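Here is a short lesson in reading a protein model. A learner asks, and a teacher replies.

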Amino acid sequence: MIEQIIGALLFVILAPVVGGLVAGIDRKVTAHMQGRVGPPILQPFYDIFKLFEKESVVVRPEINFYIFCYLVFLVITGAIFFAGEDILLVIFALTLAHVFIVIAAFASSSPYSHVGAERELLMMMAVEPMLILAAAGMYMATGSFFVADIIAFQSMGGDLLVSSIPLLFLGVVYILTIKLRKSPFDISTSHHAHQELVKGLTTEFAGPTLGMYEIAHLYETVFLLGFVWLFFAGAPILGIVVVAVVYFLEIVIDNTNTRAKWQFALRSAWLVALILGAVNLALLVLGIIQPGTLGVL
């Protein structure tokens, strides 16, 4: 119980710091790829501090409440995950958080926000099947939905989770581009505004309201990287290296692709879930992949 509380508290305290540093490095690497010097690595922190110094101006007061709920449920999502609890509960809390950001966007009167909210709903529909299939694969490989049990399985003699569900890992990496709001799937909002200035569902957010949204994004980034790391939890250092490589790949994809249509994002995500996710689960059911051994494929 104490370890669970410590894990949750460390996420709540450190995630904004780690997420901010990741965002700063992201901007720096992106700038170099574009032939620019780029902002300092601490720029995300400066931006958030400036947002909270501005006057709070929103179209409707209830938007602040919805954004606050968005932030709270993303914190809860990561806290449950890093406390080692049920991964299905983690996915439920993550979905609920995004429901609140959609409600906040619909509460404004901007047509850009409404379009962004509709696209955010479509992106939620795109990633949910892959997340659920990944959770099912983790259960079939380790016999538990609990994150702590999945880590313990790999640390106490079991093979790395990725050796049992390699196709599901690739599927998670694919939808990671959608969850991190990178091109070509930066559809509901232009996170880095390198393509356009109208920012979809965040168009009407400003000042402290936008600050809460940015902090929530830092929490979500750390949670998603932790989700990727879980596939390599039996070798923690290797897991960190893989997470770094995967994130660098996301930056490269972000800077080499223009925005895709929502139809492509939805269809491709479902196709990936159907091919990689369903096939990997079928291989486990048929015994072609033996959970807990290196005898794969």
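The dialogue below takes up helix packing, burial, contacts and one backbone angle.

Q: What kind of model is this, and how are its residues numbered?
A: This is a predicted model: local features need pLDDT of at least 70, side-chain atom pairs count only at pLDDT 80 or more, and totals for chains, interfaces and linings use all residues. Residues are numbered from 1 along each chain as its sequence is written, and side-chain values use heavy atoms, with hydrogens and water left out.

Q: How do I read a pair of packed helices, such as helix 8 and helix 11?
A: Two packed helices are described by the angle between their axes and the distance between the axes. Helices are DSSP runs (H or I, at least four residues), numbered from the N terminus. Axes are lines fitted to C-alpha atoms over the stretch in contact, and angles run from 0 to 180 degrees between N-to-C directions. Take helix 8 (166-179) and helix 11 (residues 262-285). Their axes come within 8 Å and cross at roughly 165 degrees. Helix 8 and helix 11 are therefore roughly antiparallel. The cut-offs: angles under 35 degrees count as roughly parallel, over 145 as roughly antiparallel, 65 to 115 as roughly perpendicular, and the rest as oblique.

Q: What is the handedness of the crossing of helix 8 and helix 11?
A: A crossing is left-handed if the near helix is turned anticlockwise from the far one by less than a right angle, and right-handed if clockwise. The crossing of helix 8 and helix 11 is left-handed.

Q: Which residues make the contact between helix 8 and helix 11?
A: Contact means heavy atoms within 4.5 Å. Helix 8 contributes P166, L167, L168, L170, G171, Y174 and I178. From helix 11 come F264, S268, A269, V272, L276, G277, V279, N280, L281 and L283. By class, this contact has 13 nonpolar, four polar and no charged residues. Here Ala, Val, Leu, Ile, Met, Phe, Trp, Tyr, Cys and Pro count as nonpolar, Asp, Glu, Lys and Arg as charged, and the others, Gly among them, as polar.

Q: At what angle do helix 9 and helix 10 pack?
A: Helix 9 (residues 207-229) and helix 10 (residues 236-256) pack at about 125 degrees, with their axes 9 Å apart. That makes helix 9 oblique to helix 10. Their crossing is right-handed. T221, L225, V228 and W229 in helix 9 meet P236, G239, I240, V243, V246 and Y247 in helix 10. The contact has eight nonpolar, two polar and no charged residues.

Q: How does helix 1 pack with helix 10?
A: Helix 1 (residues 2-33) packs with helix 10 at an angle of about 45 degrees, and the axes are 10 Å apart. The two are therefore oblique to each other. Helix 1 passes helix 10 in a right-handed crossing. V22, D26, V29, T30 and M33 in helix 1 meet Y247, F248, I251, V252 and N255 in helix 10. This contact has seven nonpolar, two polar and one charged residues.

Q: Is I2 buried or exposed?
A: Buried means under 20% relative accessible area, exposed over 50%, and partly exposed in between (1.4 Å probe, protein chains only). I2 is found in helix 1. I2 is exposed, with a relative accessible area of 63%.

Q: Which residues of helix 2 are buried?
A: In helix 2 (residues 43-53), Q43, P44, F45, I48 and L51 are buried. These buried residues pack against helix 1 and helix 9.

Q: What does E220 touch?
A: E220 lies in helix 9. At 2% relative accessibility, E220 counts as buried. Not counting residues up to four places away in sequence, E220 touches Y70, L74, L94, H98 and K179.

Q: What joins the side chains of E220 and H98?
A: A polar contact of 2.8 Å joins them. A polar contact is a pair of N or O atoms within 3.5 Å; within protein, one must be able to donate a hydrogen and the other to accept it, and residues adjacent in sequence count only if both atoms are side-chain atoms.

Q: Where does the side chain of H114 reach?
A: H114 lies in helix 5 (residues 111-142). At 29% relative accessibility, H114 counts as partly exposed. Its side chain reaches the backbone oxygen of F106 at 3.3 Å.

Q: What is the phi of R181?
A: Most residues other than glycine have a negative phi. Phi of R181 is near 60 degrees, a positive value. R181 sits in the loop between helix 8 and helix 9. At 4% relative accessibility, R181 counts as buried.
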